[in-house]
Amino acid sequence: MDNNNVEKQYNSMSHFYNVLYSGCDMKEYENTFINEYEDLLNSLPVNGKVLDSSCGNGIQATALKRNGINVIGTDISEEMINLTQQYSKDNNLLFPTKQLSWQQLPNNFGDDFDIVFCCGNSICHSIDKEDMLNNIKSLYRVTKNGGKIVIDTRNWDKVIKENIRFTTSDVKKYIDKKYVFTYIWNLNSFDERSNVEILFIEITNDKETKCIPFKLDFTPFKHDEFISRLRDCGLKTVKDNFQLNNDMYSIILEK
Ligand SMILES: C[S@@+](CC[C@H](N)C(=O)[O-])C[C@H]1O[C@@H](n2cnc3c(N)ncnc32)[C@H](O)[C@@H]1O
């Protein structure tokens, strides 16, 4: 696969990825996602095809399937694909999945998709600016003419401006254990490889605690730069809800 640590990083963290979501009402999360893109999803033609290109734990792809949409889930990480399969199976909502990086998409699909999602702050895992451009071009190539690409991302302008060093969760329960997790941000400037360490404190009983560390690499980017990068790939911005003070923003693009 691509020369990218991220595949290994997500493979090793996959079990703990679900800990990050513990305590969330998954159905509510699914509904929020569907409501956010309601108009776009309503415009899908009959038998329209949708790709979730970084399906992770499967929350967005499963929400789409639950709403009767013909969806395929892909992800660079085999273990994250396993999470998608588990979540969709637990919900009796099966759909096809395949372990594929963004770069590999054009070798596996034609310009087949009416909508391509790249959700949950995934595109920042591109290795650098050039890799991000190539990844967006891959998403472009598997989108139909006139089709849409949806990218949502953490607001790196805000993160870098505030220079937040760490954030810590409340106590979370996942299966039979309790956890507290801390994100430690090792941020470089825009377009420079950075990482976040995620430390899980696992509390098994009153006497025993374990610290389990993971690291995820990413490349933060400036909103305005990102928009011009998307334009350079031939994409037209249809919707962009970026605001400097919001933690996340979402962009809908047309091919
Ligand atoms: C932050 S998670 C988001 C997962 C899910 N969409 C969510 O919202 O929880 C980022 C996902 O992007 C995937 N990913 C990272 N780099 C990728 C690449 N080059 N191609 C495809 N998927 C990639 C990771 O394996 C991971 O599942």
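This report covers the ligand site, some salt bridges and one unpaired acidic residue.

The model is predicted: local features need pLDDT of at least 70, side-chain atom pairs count only at pLDDT 80 or more, and totals for chains, interfaces and linings use all residues. Residues are numbered from 1 along each chain as its sequence is written, and side-chain values use heavy atoms, leaving out hydrogens and water.

**The ligand**

The ligand has 22 residues around it, each with a heavy atom within 4 Å. Tyr17, Tyr21, Ser54, Gln60 and Asp75 come nearest. Helix H1 (residues 5-21) gives the largest share of this shell, 4 residues. Helices (H or I, at least four residues) and strands (E, at least two) are DSSP runs, numbered from the N terminus.

Polar contacts here are pairs of N or O atoms within 3.5 Å. An oxygen atom of the ligand lies 2.6 Å from an N or O atom in the Tyr17 side chain. For Tyr21 the matching distance is 2.5 Å. Asp75 places a polar side-chain atom 2.5 Å from a ligand oxygen. On its own the ligand has 600 Å² of accessible area, and the protein covers 97% of that. Such areas come from the Shrake-Rupley method with a 1.4 Å probe.

**Salt bridges**

A salt bridge is a side-chain nitrogen of Lys or Arg within 4 Å of a carboxyl oxygen of Asp or Glu. The count comes to 11. The table lists some of them.

| Pair | Closest N to O |
|---|---|
| Lys144 and Asp114 | 3.3 Å |
| Asp247 and Lys158 | 2.5 Å |
| Arg229 and Glu225 | 2.7 Å |

Lys144 sits in strand E5 (residues 143-154) and Asp114 in strand E4 (residues 113-118), 30 residues apart. Asp247 lies in the loop between strand E11 (236-240) and strand E12 (248-254), while Lys158 is in helix H8 (residues 156-162), 89 residues away.

Buried means under 20% relative accessible area, exposed over 50%, and partly exposed in between (1.4 Å probe, protein chains only). Lys158 is buried at 14%, whereas Asp247 is partly exposed at 49%.

Arg229 and Glu225 share helix H9 (residues 223-232), 4 residues apart, about one turn of the helix. Arg229 is buried at 4%; Glu225 is partly exposed at 30%. Shared partners join Lys129, Asp191, Glu225 and Arg229 into one network of salt bridges.

**An acid without a partner**

Asp131 is in helix H7 (residues 129-141). Asp131 is buried yet has no salt bridge. Its nearest side chain of opposite charge, Arg193, is 6.7 Å away. Lys and Arg count as positive and Asp and Glu as negative; His and the chain ends are not counted. Beyond neighbours within four places in sequence, Asp131 contacts Gln103 and Ser126 (heavy atoms within 4.5 Å).

Conventions:
Polar contact = N/O pair within 3.5 Å; in protein donor to acceptor, adjacent residues only side chain to side chain.
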